[in-house]
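User: Got a minute to walk through a model with me? I'd like to start with the loops and then see where we end up.
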Amino acid sequence: MKPLAFRGKLMSALTLIFLGSLLVSCNHLDRILDEIGDSDQEESEFPMIALPDGYTIEKVTDGLDFPTSVTWDDEGNMYVAEAGGGLGQKEGDLRILQIKNGHATEVVNLSDKPGFGVALVGLTWYDGAFYVTHLDENSAGAASRVTKDGQVETLFQGILDSKAEHQINDIRMGPDGRMYVAVGAAGNAGVMDMSASIMNTLDAHTTPCQDIVLRGMNFKSPDFRTEDPDDSVMTGAYVPFGTETQPGEVIQGVTLCGGSILSFDPKDPMGTIQTHAWGFRNLIGLAWNKKTGSMYAAENGYDIRGSRPVKDDMDATLKVKEGMWYGIPDYSAAREPLTDPKFEVPDKFQAPVYVNGAFIGKDLGFVIDHEKSGLTPPDPSLVVGKHEVHASPSLLDVAPASWGDMEGDLFVAEWGDLTPPTDP
């Protein structure tokens with residue numbers, strides 16, 4: 001699908017770039033319009049796209065391969081990241097391209113650089129260089145600093161959750177001078193299974209940002225590691241596939257944790273990296289309201305798949321509060337407890353659950369002992385955008401003052417529904 005730019009009658013400074021499945025916002029509309037000139041394309045060229053009154057649409061460029069993110073340097077030059085593939089498959093080059101006069105020109109090729117694996121995901125410009133998120137050579141999540149002449153500095157690497165199906169995503173400079181990254185959590189709902197082990201990295205599992213105490217729930221599922229289709233295995237939460245857990249078992253928190261927003265000082269990444277908030281599922285994009293300082297994030301909710309399927313009723317855009325636990329994998333995208341029967345799926349989709357070897361049914365329940373872990377239930381009022389289930393909100397931005405009555409409104413790209421893998 002072609003990247004497109006949207007603009008309203010206000011000729012706003014907020015530009016929305018639609019990249020395949022992702023949308024990135026910025027404040028360089030006038031520069032873009034100067035570069036691409038007046039478009040002579042009619043909206044009839046985009047018959048699949050419906051626009052509200054007051055909006056028009058035009059193409060910025062096309063012919064891109066796995067584009068994921070856009071950024072601008074200090075001179076207003078526009079750049080796009082090409083991922084090189086996805087979900088464990090490398091199908092092209094990992095590149096940063098400059099977009100000018102409707103054409104894309106390679107600036108940096110990262111395909112053969114040490115420390116780079118399958119996918120180049122997040123991209124932002126700061127202090128004379130690109131900051132990118134990607135998978136490292138071991139398929140773990142990483143971030144690097146890349147100059148226009150191809151010099152690479154690894155900032156951190158080894159995020160274990162990224163070895164599964166939810167990788168490290170957006171990277172943005174915050175208003176406080178710290179860099180922020182959005183990190184997805186491994187697995188659908190805290191438990192590893194065949195649907196999450198897409199890269200054949202059996203050490204992947206969900207990792208917490210602080211010590212947690214488990215309730216010892218183990219889920220019986222087919223053992224995809226063997227050739228016998230009748231083989232099965234028990235797997236607990238926050239552990240690799242095929243590992244059982246016990247009631248009261250403590251899982252230690254890690255610095256490079258999944259389902260999180262991490263922040264760091266670009267001058268000393270590993271010396272300053274810390275958890276800003278956690279308890280998210282698959283967090284894609286980050287944005288700030290520059291006027292109020294409020295932080296927002298776009299999150300993909302649960303799927304009906306794997307050993308712990310959840311019949312979630314929405315996806316979410318969230319207001320982010322520092323230090324908070326947002327409830328995943330025991331609360332829904334709306335921040336409601338999964339003990340509510342409305343989140344249950346038919347038994348044929350649910351794995352049998354055992355505690356200390358005893359069958360306890362096919363109910364979701366909680367996998368974490370919240371009281372013993374010192375975790376407070378998440379605040380549902382922090383859900384500021386309720387998207388249709390499986391809409392998959394991705395990158396987002398906040399409308400500036402030049403948008404008049406819409407100032408402060410969030411504009412969010414939706415990845416779209418991946419059914420049937422996400423919902424039978």
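Analyst: Sure. One definition before the loops: strands here are DSSP runs of E with at least two residues, numbered from the N terminus. Also keep in mind that this is a predicted model.

User: OK, so where is Glu-344 found?
Analyst: Glu-344 sits in the loop between β25 (315-320) and β26.

User: And what does Glu-344 touch, leaving out residues up to four places away in sequence?
Analyst: Lys-311, Lys-362, Asp-363 and Leu-364. With Leu-364 there's a polar link: the Glu-344 side chain reaches the backbone nitrogen of Leu-364 at 2.8 Å.

User: How far apart are the C-alpha atoms of Glu-344 and Arg-308?
Analyst: 9.7 Å, with the two positions 36 residues apart along the chain.

User: Switching to aromatics. How many pairs does the structure hold?
Analyst: There are 13 aromatic pairs. Take Trp-278 and Trp-325: the ring centres are 6.3 Å apart and the planes are at 50°, so that pair is tilted. Trp-278 is in strand β22 (residues 274-278), while Trp-325 is in the loop between β25 and β26, 47 residues apart, so to speak a link between distant parts of the chain.

User: Is Trp-278 buried or exposed?
Analyst: Buried, because its relative accessibility is 5% and the cut-off for buried is under 20%. Trp-325 is buried too, with a relative accessible area of 5%. Both belong to one aromatic cluster with Tyr-331 and Phe-366.

User: What about the nonpolar core, which residues have the most contacts inside the largest one?
Analyst: Phe-156, Val-181, Ile-212 and Leu-262, in a core of 35 residues. Strands β14 (152-159), β15 (168-173), β16 (179-183), β21 (260-264) and β26 (353-355) each supply at least two of its residues. A second, separate core has 19 residues, including Met-295 and Leu-382.

User: Who does Val-181 touch?
Analyst: Among its contacts beyond four places in sequence are Phe-156, Ile-168, Leu-262 and Leu-286.

User: Last topic, charges. How many salt bridges does a search of the whole structure find?
Analyst: 15. In one of them, Arg-95 and Glu-82 meet at 3.0 Å, N to O. Arg-95 is in strand β9 (residues 95-100) and Glu-82 in strand β6 (residues 78-82), so the bridge ties together parts 13 residues apart in sequence. Arg-95 is partly exposed at 22% relative accessibility, whereas Glu-82 is buried at 3%.

User: Which residues are linked in a network of salt bridges?
Analyst: Glu-165, Arg-281, Asp-303 and Arg-305.

Note on methods: Residues are numbered from 1 along each chain as its sequence is written. This is a predicted model: local features need pLDDT of at least 70, side-chain atom pairs count only at pLDDT 80 or more; totals for chains, interfaces and linings use all residues. Side-chain values use heavy atoms; hydrogens and water are left out. A nonpolar core is a set of buried Ala, Val, Leu, Ile, Met, Phe, Trp, Tyr and Cys residues joined through side-chain atoms within 4.5 Å. Buried means under 20% relative accessible area, exposed over 50%, partly exposed in between (1.4 Å probe, protein chains only). Helices (H or I, at least four residues) and strands (E, at least two) are DSSP runs, numbered from the N terminus. Contact means heavy atoms within 4.5 Å. A polar contact is a pair of N or O atoms within 3.5 Å; within protein, one must be able to donate a hydrogen and the other to accept it, and residues adjacent in sequence count only if both atoms are side-chain atoms. Rings of Phe, Tyr and Trp (its six-membered ring) pair if their centres lie within 6.5 Å; planes under 30 degrees apart count as stacked, over 60 as edge-to-face and the rest as tilted. A salt bridge is a side-chain nitrogen of Lys or Arg within 4 Å of a carboxyl oxygen of Asp or Glu.
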